[in-house]
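Biologist: I would love a close look at one part of this model and how its surroundings are put together. Please pick a spot and walk me outward from there.

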Amino acid sequence: MKKLINDANAVLEESLDGFAAAHTDILLLGAGRKFVRRRTLKQGKVALISGGGSGHEPLHAGYVGLGMLDAACPGQVFTSPTPDQMIEAAEAVDTGAGVLFIVKNYEGDLMNFTMAAEMAGREVASVVTNDDVAVESSTYTTGRRGVAGTLIVEKMVGAAAETGMPIAALKSLGDEVNRRTRSMGVALLPCTVPAAGRPNFTLADNEMEMGVGIHGEPGRRRVPLASADAIAEELVGAILKDLAPKQGSEVLLLVNGFGATPMIELYLMVNSAKRILDGAAITTTRFLTGSYVTALDMAGASVTVSVLDAQAKSLWDAPVHTAALRWGA
């Protein structure tokens with residue numbers, strides 16, 4: 001294992017210290033490194049909190065700031081945060097309008113966020129993301145996994161929260177954005193969890209995992225390596241079959257790297273995916289390309305398509321100022 005680490009058991013703590021130091025203008029590290037929170041809170045705004053196992057950076061801490069999250073709770077690598085983390089984060093960022101949890105559909109995350117909501121002693125609602133069309137159940141889930149579409153939910157709900165939208169309306173919005181969003185990924189190489197010191201699955205030189213999860217969970221099947229066009233055809237085809245957007249629909253296209261995929265390949269995938277959407281009479285009017293929801297050092301990518309209406313476009317375009325996303329602010 002070759003990684004930039006000092007102690008495999010202290011990776012998260014040392015990384016969080018560096019992250020907080022690099023972005024001291026917009027965020028603070030909570031006591032005991034239990035959460036990352038916005039430095040400046042907006043009074044009377046519903047507080048948005050997300051979190052999950054580390055190793056997916058910049059998700060979630062990278063999206064703390066203006067126009068997105070008020071706090072993020074990082075668990076150890078690929079391990080859910082504990083309920084006390086969310087309870088303390090809620091106490092730190094709730095300014096009186098309630099708290100909305102945004103939770104990826106993994107059993108550990110659901111259990112611990114649900115416990116935190118029950119124990120928080122304040123108004124808490126939750127949005128659960130489950131945008132992955134690859135499989136109906138997986139290693140860590142009952143039902144579909146929450147993957148890169150979570151970023152889109154966090155951005156749009158975060159923008160709406162900045163306008164003063166109340167908690168019930170924000171939950172409804174988050175649920176609707178999740179319903180309009182689908183994703184699917186492919187792995188070319190596995191990832192290595194530092195504490196384990198070895199890849200968490202194996203692929204032959206001529207193989208890829210079609211439909212892989214963001215922890216390296218199995219996908220639909222293991223298949224021979226194919227061209228980018230063929231990969232995009234399967235990923236986008238599965239998304240469109242499930243999402244069933246009307247011809248003429250406008251969409252956001254997110255091509256997301258898993259951590260070890262260079263930008264030149266991601267933009268090549270944008271070209272392939274857009275061509276397929278064009279052929280289906282779907283108009284791509286918003287794009288996001290880069291490594292935004294990763295799986296440590298996994299090589300591969302995911303494609304996410306989110307159907308847009310006028311409100312969604314306005315919320316996506318709204319100002320955002322976080323460590324990982326910045327525009328219009």
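Modeller: Happy to! Let's begin at alanine 299 in E12, which is the bridge partner of leucine 189. Please keep in mind as we go that this is a predicted model. That pair belongs to the ladder between E7 and E12, two strands that run antiparallel and are joined by eight bridges. E12 has a second neighbour in strand E10, residues 250–257, and this pairing is also antiparallel, again over eight bridges. Within it, leucine 252 has serine 306 of E12 as its bridge partner.

How is E12 placed with respect to the rest of the structure? Ten of its ten residues are buried, so the strand is largely enclosed by what surrounds it. You can check this face by face: on one side Ala299, Ala301, Val303, Val305 and Val307 are buried, and on the other so are Gly300, Ser302, Thr304, Ser306 and Leu308. Both faces are therefore covered, although one of them carries glycine, serine and threonine residues beside its leucine.

Part of what packs here is helix H6, residues 228–243. The buried residues of H6 pack against strand E12, and also against helix H5 (167–179), strands E7 (181–189) and E8 (207–210), and helix H7 (263–279). The buried set in H6 is Ile231, Ala232, Leu235, Val236, Ala238, Ile239, Leu240 and Leu243. Residues three or four places apart on an α-helix point the same way, because there are 3.6 residues to a turn. H6 has 16 residues and spans 22 Å from its first C-alpha to its last, close to the 22 Å expected. Just after the helix, alanine 244 takes a positive phi of about 50°.

While we are close to E10, have a look at threonine 284, which sits in strand E11, residues 283–290. At 10% relative accessibility, under the 20% cut-off, this threonine counts as buried. Its contacts, leaving aside neighbours within four places in sequence, are Val251, Leu253, Lys274 and Leu277.

H5, one of the packing partners of H6, leads us over to another sheet. Here six strands form an open sheet in the order E1-E2-E4-E3-E5-E6, with mixed pairing. E1 (27–29) and E6 (124–129) stand at the edges with a single partner strand each, so one side of each has no neighbour in the sheet. From one strand to the next the twist averages 20°. At the E6 edge, strand E5 (residues 99–104) runs parallel to E6, joined to it by six bridges, and isoleucine 102 finds its bridge partner in valine 127 of E6. Helix H4, residues 149–162, packs on this sheet, touching E2 (36–38), E3 (47–54), E5 and E6, and its direction makes about 170° with that of E5. H5 packs on the sheet as well, touching E3, E5 and E6, with its direction at about 5° to that of E6.

H4 deserves a longer stop. All 14 of its 14 residues are buried, so the helix is largely enclosed by the rest of the structure. From first C-alpha to last H4 reaches 20 Å, close to the 20 Å expected for its 14 residues, and just after the helix glycine 164 takes a positive phi of about 95°. Inside H4 you will find glycine 158, which is buried at a relative accessible area of 0%. Beyond neighbours within four places in sequence, glycine 158 is in contact with Leu48, Gly67, Met68 and Val153. Glycine 65 is 93 residues away from glycine 158 in sequence, yet 9.3 Å away in space, C-alpha to C-alpha.

Leu48 also takes us to the interior: in the largest nonpolar core, which has 60 residues, Leu48, Leu151 and Leu170 have the most contacts. Helix H1 (11–22), strand E4 (71–77), E5, E6, H4, H5, E10 and helix H8 (310–317) each supply at least two residues of this core. H4 gives the most, with eight residues. In soluble globular proteins, nonpolar side chains tend to be buried together.

One last thing on the cysteines: the structure holds zero disulfides. Cysteine 73 is buried at 1% relative accessibility, and cysteine 191 is buried too, at 0%.

Conventions: Residues are numbered from 1 along each chain as its sequence is written. This is a predicted model: local features need pLDDT of at least 70, side-chain atom pairs count only at pLDDT 80 or more; totals for chains, interfaces and linings use all residues. Side-chain values use heavy atoms; hydrogens and water are left out. Helices (H or I, at least four residues) and strands (E, at least two) are DSSP runs, numbered from the N terminus. The expected span of a helix is 1.5 Å times one less than its number of residues. Buried means under 20% relative accessible area, exposed over 50%, partly exposed in between (1.4 Å probe, protein chains only). Contact means heavy atoms within 4.5 Å. Two strands pair if DSSP finds at least two bridges between them. Axes are lines fitted to C-alpha atoms, for helices over the stretch in contact, and angles run from 0 to 180 degrees between N-to-C directions. A disulfide is a pair of cysteine sulfur atoms within 2.5 Å. A nonpolar core is a set of buried Ala, Val, Leu, Ile, Met, Phe, Trp, Tyr and Cys residues joined through side-chain atoms within 4.5 Å.
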